[in-house]
Amino acid sequence: MKVAVLVVSRNRPDLVASLASYLERNSSIDHDLYVIEAGTDDDKLCEHSTVRYADDDFRGKAFAHNVALEEARRAAREKGEHYDYYWILMNDLVFPEGEDAMR
């Protein structure tokens with residue numbers, strides 16, 4: 001099984017880093033992380049950024065998650081792979097340490 005983890009962020013690389021670190025430590029399922037930077041300033045991009053777009057009019061979280069979904073589908077097609085699940089998250093989620101929330 002493989003999961004595409006779709007995370008939306010805006011100017012919070014600290015939250016993305018924390019969530020990505022949690023997933024690495026606590027997830028037993030193979031996954032790829034897609035981080036969509038929705039209107040993020042140049043100096044606030046995170047190291048996990050996948051796609052970035054300007055969002056001056058703030059099109060909303062749902063729009064950004066749709067961008068993430070399309071990017072994950074495109075990347076999977078390009079690699080000749082597929083995802084069994086798409087897990088849609090915001091960057092500020094916190095799960096209990098030791099819990100495999102993805103499972």
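**Close-up views of a predicted model**

**View 1. Tyr-34 and its contacts within the predicted model.** Leaving aside residues up to four places away in sequence, Tyr-34 touches Ala-4, Val-5, Leu-6, Val-7, Thr-50, Glu-71, Ala-72, Ala-75, Lys-79 and Tyr-83. Tyr-34 also belongs to the largest nonpolar core, which has 15 residues. Within that core, the members that touch the most others are Ala-4, Leu-6, Tyr-34, Ala-72 and Tyr-83. Two or more residues of this core are given by each of strand S1 (2-9), strand S2 (30-38), strand S3 (49-53) and helix H2 (61-79). H2 supplies the largest share, namely six residues. A second core, separate from this one, consists of 13 residues and includes Val-3, Leu-19, Tyr-22 and Val-35.

**View 2. The open sheet of four strands.** The strands are arranged in the order S3-S2-S1-S4, and their pairing is parallel. S3 and strand S4 (85-90) occupy the edges; each has a single partner strand, so one side of each is left without a neighbour in the sheet. From one strand to the next, the twist averages 20°. Helix H1 (residues 13-26) packs on this sheet and touches S1, S2 and S4. The direction of H1 makes about 175° with that of S2. Helix H2 lies across S1, S2, S3 and S4, and runs at about 135° to S2.

**View 3. Strand S1 and its two partner strands, S2 and S4.** S1 and S2 pair in the parallel sense over eight bridges. Along this pairing, Val-3 stands opposite His-31 in S2, and Ser-9 stands opposite Glu-37 in S2. S1 and S4 also run parallel and are joined by six bridges. Here Val-7 has Leu-89 of S4 as its bridge partner. Together with H1, strands S1 and S2 make a β-α-β unit that is right-handed.

**View 4. The side chains of strand S1.** In a regular strand, side chains alternate between the two faces of the sheet. In S1, Lys-2, Ala-4, Leu-6 and Val-8 point one way. Val-3, Val-5, Val-7 and Ser-9 point the other way. Are these residues buried or exposed? The residues pointing either way are all buried. Because eight of the eight residues of S1 are buried, this strand is largely enclosed by the rest of the structure. Ala-4 and Leu-6 are members of the largest nonpolar core, whereas Val-3 is included in the second core.

**View 5. Thr-40 in the loop between S2 and S3.** Thr-40 has a relative accessible area of 4%. Because buried means under 20% relative accessible area, Thr-40 counts as buried. Not counting residues up to four places away in sequence, Thr-40 touches Ser-9, Arg-10, Asn-11, Leu-45 and Arg-52. One of these, Asn-11, is also reached through its backbone nitrogen, to which the side chain of Thr-40 comes at 3.3 Å. Ser-9, another residue touched by Thr-40, is the residue that stands opposite Glu-37 in S2. Thr-40 and Asp-55 are 15 residues apart along the chain, and their C-alpha atoms are separated by 8.1 Å.

Technical notes: Residues numbered from 1 in each chain as written. Predicted model: local features only at pLDDT ≥ 70, side-chain atom pairs only at ≥ 80, totals over all residues. Heavy atoms only, no water. Core = buried A, V, L, I, M, F, W, Y, C linked by side-chain atoms within 4.5 Å. Buried < 20%, exposed > 50% of the residue type's maximum accessible area, 1.4 Å probe, protein only. Contact = heavy atoms within 4.5 Å. Pairing = 2+ DSSP bridges. Axes fitted to C-alpha atoms, helices over the stretch in contact; angles between N-to-C directions. Right-handed = clockwise from strand over helix to strand, strands pointing away. Polar contact = N/O pair within 3.5 Å; in protein donor to acceptor, adjacent residues only side chain to side chain.
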